[in-house]
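Trainee: I'm new to this one and would like a close look at a single part. Could you pick one helix, walk me round it slowly, and then show me a few spots elsewhere for context?

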Amino acid sequence: MTDLDDLDVLVVGGGGAGLAAAVSAAEQGARVLLFESERELGGSTQLSAGLITAAGTSVQRALGVEDSAERHFQHYMDLNQWQLKPGLIRAFCAAAGPTLEWMIGLGLDVPAVRSGDAHTPGLSRAGVEDVWRGHVPRDQGYGLVQVLDRARRSHKIEAVLGTRVERLLHEEGRVTGVVADGVEVRARAVVVASGGFAHHPGLLGRHYPEALDAGDALFVVAAPGSRGDHLAFAEQTGGALTGDGWGLLLPTATLQRHHHWQAGFPPAARVHVNPAGRRFMDEDASYAVSGGIIRAQGGPVWAVFDEKARLGLPTGYADWTPARVEEEAAAGRVARAADLPALAERIGVPAAALTATVTRWNAGLPATGADPDFLREHSLAAKSADPRPDPIAAVPFYAVRVLPAELVCTHTGLEIDHRAAVLDRTGTPVPGLFAAGEAGGGVLGPRYVGGGNAVANALTMGRLAGLAAATA
């Protein structure tokens, strides 16, 4: 048992950010204790694909990909319309590559091969970047957590599971420890890495109300410990918050109730149409931007496909299967019709526009392999998918509502600086307090920078927080 009177760093949360903080602090000789509210370590990181966005890495170099932290920084800031602090984002981008190399040194396996998706180990296209930066580890998020946990055990860092930190000790302007299970535990520094608040409807309504716009279609894939404890810690210490109104909602169909790993995937031979009955996007656009595109349509968006597409869905998934689509159509929750004008009436769009949209689709990618309007052939190529999906022609036709409804993470967190130190409401660091991951606000912005952004944030800022806490 760790000596509670002889600690340097306390870490609140045992997901990717907390484990990275604990291990990096211990590497500096700090005596560390970690608290995790759930019965196992891993948090939302363990539920993820483990994809890590980073620039200038050995994996990129081995594949002849020229990249740099400065290029990553420029892309990151541009995509977020420069609404984030440049100093913090520059520090994050500069440290993301070295953090990946640190993880590889701990035993993480990211092979130097091209990957066609977020689940095949190698280098993938993470989002909308001009250079591929998505590093997919073997065994995904679970494997990533196992690597960090082995390092935790090698440094003899005790993890106290099933113990939720009730509050922080804040004395004479400094954070001096925590209270857990009614017991005061003191240390020179505390790292808050307790995750977001995706599982707290009240906090969603206050800090990310857009998530509740999905209504009954909303479902959460974050870890169950995502209850917003860091927001209470802000009140206790005078810590500032940043990132209100920001988070990640993945576009999904109303028939879907599971993360896409379990749900399956919609057919490639589909078009998304807006209330005018017109196609308006690359249906395979990164979720870094697709949610915003869908919300900008001013009304319901529908995925339109045909009977051949339904029958071609693979079995073994929870949602996108031939039987499930048939079940939803029979219940009236998926629109079905014998022709396109009838389908248009069912979903409330102009029949002429929907017919013209499908006609244009059939004459485009299925016939020529080119999509001059939305360049979808490039997205399909990045996924190693067939560049010529089927035409939409086999009756009956189907339409299912598509909207941002799969809640992955929230971005409102304790405002941090480039060292992951928490700032108070005057912009001054709170002595002894650091934060990372979803609990540390300011890195995840209004635009999610592709797959791997949250994991890269957790690991990178967790590592920086641990290094800074060890010398606080």
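Mentor: Here is a walk around helix α13, followed by a few other places in the chain. Keep in mind that this is a predicted model.

Let's start with the helix itself. α13 covers residues 340-347, and its buried residues are Leu340, Leu343, Ala344 and Ile347. Look at how those numbers are spaced. An α-helix has 3.6 residues a turn, so residues three or four places apart point the same way. You can check that here by looking down the axis of α13: the buried residues fall within an arc of 105 degrees, so they line one face of the helix.

What does that face pack against? The buried residues of α13 meet two strands numbered close together in the chain, β15 (301-306) and β16 (335-337), along with helix α14 (351-363) and strand β17 (397-410).

Now the two ends. At the start of α13, aspartate 339 has a side-chain oxygen that comes to within 2.8 Å of the backbone nitrogen of alanine 342. Just past the other end sits glycine 348, with a positive phi of about 75 degrees.

That's the helix; next, a strand for context. In β2 (residues 32-35), Val32 and Leu34 are buried on one side, while Leu33 and Phe35 are buried on the other, so to speak a strand with both faces covered. β2 pairs in parallel with β1 (residues 9-12) over four bridges, and valine 11 is the residue opposite leucine 34. Put helix α1 (residues 16-27) together with β1 and β2 and you get a right-handed β-α-β unit. β2 also runs parallel to β6 (residues 158-160), joined by three bridges, with phenylalanine 35 opposite valine 160.

Then there's an open sheet of three strands, in the order β3-β5-β4, with antiparallel pairing. Its edge strands are β3 and β4 (122-124), each pairing on one side only. Between β4 and β5 (residues 134-136) there are three bridges, and leucine 123 faces histidine 135 across that pair.

Stay with β3 for a moment, as threonine 53 belongs to that strand (residues 52-53). Its relative accessibility is 4%, so threonine 53 counts as buried. The side chain of threonine 53 reaches the backbone oxygen of glycine 451 at 2.9 Å. Leaving out residues up to four places away in sequence, threonine 53 touches a set of residues including His72, Ala96, Arg133, Val449 and Asn453.

For contrast, try serine 68, in the loop between α3 (58-62) and α4 (69-79). At 29% relative accessibility, serine 68 is classed as partly exposed. Beyond its neighbours within four places in sequence, serine 68 is in contact with Ala55 and Gly56. Its C-alpha atom is 8.8 Å from that of glycine 97, which lies 29 residues away along the chain.

Finally, the wider setting. An unreviewed UniProt entry annotates residues 8-455 as "domain: FAD-dependent oxidoreductase 2 FAD-binding". Over that stretch the chain is 32% helix and 21% strand, and the C-alpha atoms at its two ends are 26 Å apart.

Notes
Residues numbered from 1 in each chain as written. Predicted model: local features only at pLDDT ≥ 70, side-chain atom pairs only at ≥ 80, totals over all residues. Heavy atoms only, no water. Buried < 20%, exposed > 50% of the residue type's maximum accessible area, 1.4 Å probe, protein only. Arc of directions from axis to C-beta. Contact = heavy atoms within 4.5 Å. Polar contact = N/O pair within 3.5 Å; in protein donor to acceptor, adjacent residues only side chain to side chain. Pairing = 2+ DSSP bridges. Right-handed = clockwise from strand over helix to strand, strands pointing away. UniProt positions renumbered as here; feature names shortened; annotations may be inferred.
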